[in-house]
Amino acid sequence: VLGICLQSLYAPLRGDETLEALRIDKSALKRRLRRFDSRVAQTRGDKATKEDKKHLRPLYVRLAKIKDLIAIREAGG
């Protein structure tokens, strides 16, 4: 999926990752999701639909969890 090791994409979040590691992971995920959108746009000439993205659902869930962890860490938790 999008040229990255599947083990790293689906690895569980332990909760002890550093804030910097979480930010790096967040950026990498967002880059890959945007790359998918741009490839679909180049191929078909329109935006990716929800149906096109359904196989990416685990990545969106992981991104949401990472964002939550970052918010907690930034709030001092």
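This report walks through a predicted model of one protein chain, from its overall build to a few of its residues.

**The overall build**

Start with the big picture. The chain contains 4 helices and 0 strands, so its pattern along the sequence reads α-α-α-α. Of its 77 residues, 25% are buried. The accessible surface adds up to about 5,400 Å², and carbon and sulfur atoms account for 55% of that area. Contacts also tell us how the chain folds back on itself: among those between residues at least 6 apart in sequence, 76% join residues at least 24 apart.

**A residue on the inside**

Now let us pick out one residue, Ile 66, which belongs to helix α4, spanning residues 57-74. Is Ile 66 buried or exposed? Its relative accessible area is 0%, and because anything under 20% is classed as buried, Ile 66 is a buried residue.

Which residues does Ile 66 touch, leaving aside those up to four places away in sequence? Its partners are Leu 13, Leu 22, Asp 25, Lys 26 and Leu 29. You can also look at Ile 66 together with Leu 19: the two are 47 residues apart along the chain, and 9.8 Å separates their C-alpha atoms.

**A positive patch on the surface**

Next to Ile 66 in the numbering comes Lys 67, which also sits in helix α4. With a relative accessibility of 39%, Lys 67 counts as partly exposed, because that value falls between the 20% and 50% cut-offs. The C-alpha atoms of Lys 67 and Lys 26 are 7.3 Å apart, although their positions lie 41 residues apart along the chain.

Lys 67 joins Lys 30, Arg 31 and Arg 34 in forming a positive patch on the surface. Which helix gives the patch its largest share? That is helix α2, made of residues 19-44, which supplies 3 residues. One residue of helix α2 is Lys 30, and it is partly exposed at 31% relative accessibility.

**Salt bridges**

How many salt bridges does the structure hold? There are 6. The table shows three of them, with the N to O distance for each.

| Salt bridge | N to O distance |
|---|---|
| Glu 74 and Arg 23 | 2.6 Å |
| Asp 46 and Arg 44 | 3.2 Å |
| Asp 52 and Arg 44 | 2.8 Å |

Take the pair of Glu 74 and Arg 23, whose side chains meet in a salt bridge. This pair links distant parts of the chain, since Glu 74 is in helix α4 and Arg 23 is in helix α2, 51 residues apart. Arg 23 has a relative accessibility of 34%, so it counts as partly exposed.

The other two rows of the table share Arg 44, which pairs with Asp 46 and with Asp 52. Together, Arg 44, Asp 46 and Asp 52 make up a network of salt bridges. How accessible are the members of this network? Arg 44 is partly exposed, with a relative accessible area of 43%, and Asp 46 is partly exposed too, at 37%.

**Putting it together**

As you turn the model, helix α4 is a good place to look again: it holds the buried Ile 66, the partly exposed Lys 67, and Glu 74, the salt-bridge partner of Arg 23 in helix α2.

Terms used:
Residues are numbered from 1 along each chain as its sequence is written. This is a predicted model: local features need pLDDT of at least 70, side-chain atom pairs count only at pLDDT 80 or more; totals for chains, interfaces and linings use all residues. Side-chain values use heavy atoms; hydrogens and water are left out. Helices (H or I, at least four residues) and strands (E, at least two) are DSSP runs, numbered from the N terminus. Buried means under 20% relative accessible area, exposed over 50%, partly exposed in between (1.4 Å probe, protein chains only). Contact means heavy atoms within 4.5 Å. Accessible areas come from the Shrake-Rupley method with a 1.4 Å probe; for residues, only the protein chains shown count as cover. Patches are made of residues with over 30% relative accessible area and no salt bridge: like charges are joined within 9 Å, nonpolar side chains (Val, Leu, Ile, Met, Phe, Trp, Tyr) within 5 Å. A salt bridge is a side-chain nitrogen of Lys or Arg within 4 Å of a carboxyl oxygen of Asp or Glu. Lys and Arg count as positive and Asp and Glu as negative; His and the chain ends are not counted. The place of a charge is taken as NZ of Lys, CZ of Arg, CG of Asp or CD of Glu.
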